[in-house]
Amino acid sequence: MGKRDNRVAYINPIAAARARGPAQASGPTIQDYLSRPRPTWEELKEQLEKKKKGSRALADFEDKMNEKWRKELAKHRAKLLTDKDRDKKSVDREKEDKKEKKEKKKKEKKKSSRHSSSSSSSSSSSDSSSSSSSESEDEDRKKSTKKKRKRKKTSARRASDSLEEDSEKRKQIKEELDRDEDEKVFRKKRKAERSHKYSSSESAVDSDGEEMGEAKKKKRSSEEEKFSEKSKKKRKKKHKKHGRKKKKKAASQSDSDFS
């Protein structure tokens with residue numbers, strides 16, 4: 001047995017492509033692209049002018065919007081500036097008022113010192129100056145004692161007020177606690193009464209149910225007895241009729257035999 005020839009013919013692809021020839025073009029060629037229709041110079045100018053007109057309209061619209069925004073910003077700034085000016089004026093007025101008060105106090109102190117110096121210079125004797133100084137010291141002491149008393153009174157009043165408020169709060173808390181306890185006790189009593197009533201009602205219902213059951217049982221037993229008596233009576237009647245029929249048949253048969 002010889003071997004089988006499994007060889008296959010080999011074709012060179014390049015040589016086959018050359019033998020086929022040039023491939024046909026499926027799309028536009030370079031010549032078609034170069035010979036495409038182009039706009040003239042006048043048409044280009046018209047297109048450019050149209051584009052410029054569109055951009056001008058946009059620019060005008062943007063300018064108008066910018067002007068509106070500028071006006072609104074100017075109004076807002078003016079409002080803020082007026083508010084700031086008002087605040088500054090109010091602060092300045094407060095400062096001026098404080099300065100005026102301080103100056104008045106200084107002037108009053110100077111006047112009082114001048115009066116004391118003039119009175120001391122005008123008085124010739126040292127006794128009068130000592131008496132005036134002692135009187136001023138006494139007045140100062142009296143004023144200081146009055147102030148201390150007022151402070152003590154106010155502190156005592158505040159303490160008494162705070163104590164009264166604390167006592168009232170405690171009383172309120174106690175009353176609330178007492179109310180809560182009373183309510184709890186009342187609720188417990190209610191629950192106990194309800195449970196007692198419920199249990200008594202259940203017992204009464206049970207007793208009534210038992211009585212009703214006994215009565216029903218008695219009725220059923222009496223009805224069953226009546227029904228059994230009736231059935232017995234019916235059976236007796238049927239038995240008597242059947243005996244009479246048998247007797248009649250026997251008599252009729254005997255008569256036929258004799259004949």
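## A charged pair in helix H3

Arg86 is exposed, with a relative accessibility of 60%. In this predicted model, Arg86 forms a salt bridge with Asp83, and the closest N and O atoms of the pair are 4.0 Å apart. Asp83, the acidic partner, is partly exposed at 35% relative accessibility.

The two residues are 3 positions apart in helix H3, so about one helical turn separates them. An α-helix has 3.6 residues a turn, so residues three or four places apart point the same way. Side chains of opposite charge can pair when their charged atoms come close. How many salt bridges does a search of the whole structure find? The search returns 1 salt bridge.

## Overall architecture and exposure

The protein contains 4 helices and 0 strands. Along the sequence, the elements follow the pattern α-α-α-α. Helix H3 covers residues 41–122, and helix H4 covers residues 126–258.

The protein has 259 residues, of which 0% count as buried. The area exposed by the protein is about 27,200 Å², with carbon and sulfur atoms supplying 52% of it.

## Helix H1 and the residue that follows

Helix H1 comprises residues 13–20, a run of 8 residues. The number of buried residues in helix H1 is 0, so this helix lies largely in the open. Just after H1 comes Gly21, which takes a positive phi of about 100°.

## A nonpolar surface patch

Which residues form a nonpolar patch on the surface? The patch consists of Phe61, Met65, Trp69 and Leu73, which together have about 430 Å² of accessible area. Leu73 is located in helix H3. With a relative accessibility of 44%, Leu73 counts as partly exposed, because the partly exposed class lies between 20% and 50% relative accessible area.

## A negative surface patch

Acidic residues form a negative patch on the surface: Glu175, Glu176, Asp178, Asp180, Glu181, Asp182 and Glu183. One of these residues, Asp182, lies in helix H4.

Is Asp182 buried or exposed? The relative accessible area of Asp182 is 52%, and Asp182 therefore counts as exposed, the cut-off for that class being over 50%.

Notes:
Residues numbered from 1 in each chain as written. Predicted model: local features only at pLDDT ≥ 70, side-chain atom pairs only at ≥ 80, totals over all residues. Heavy atoms only, no water. Patch = residues over 30% accessible without salt bridge, like charges linked within 9 Å, V, L, I, M, F, W, Y side chains within 5 Å. Areas by Shrake-Rupley, 256 points an atom, 1.4 Å probe, with all protein chains shown as cover. Salt bridge = Lys/Arg side-chain N within 4 Å of Asp/Glu carboxyl O. Lys, Arg positive; Asp, Glu negative; His and termini not counted. Charge placed at Lys NZ, Arg CZ, Asp CG, Glu CD. Buried < 20%, exposed > 50% of the residue type's maximum accessible area, 1.4 Å probe, protein only.
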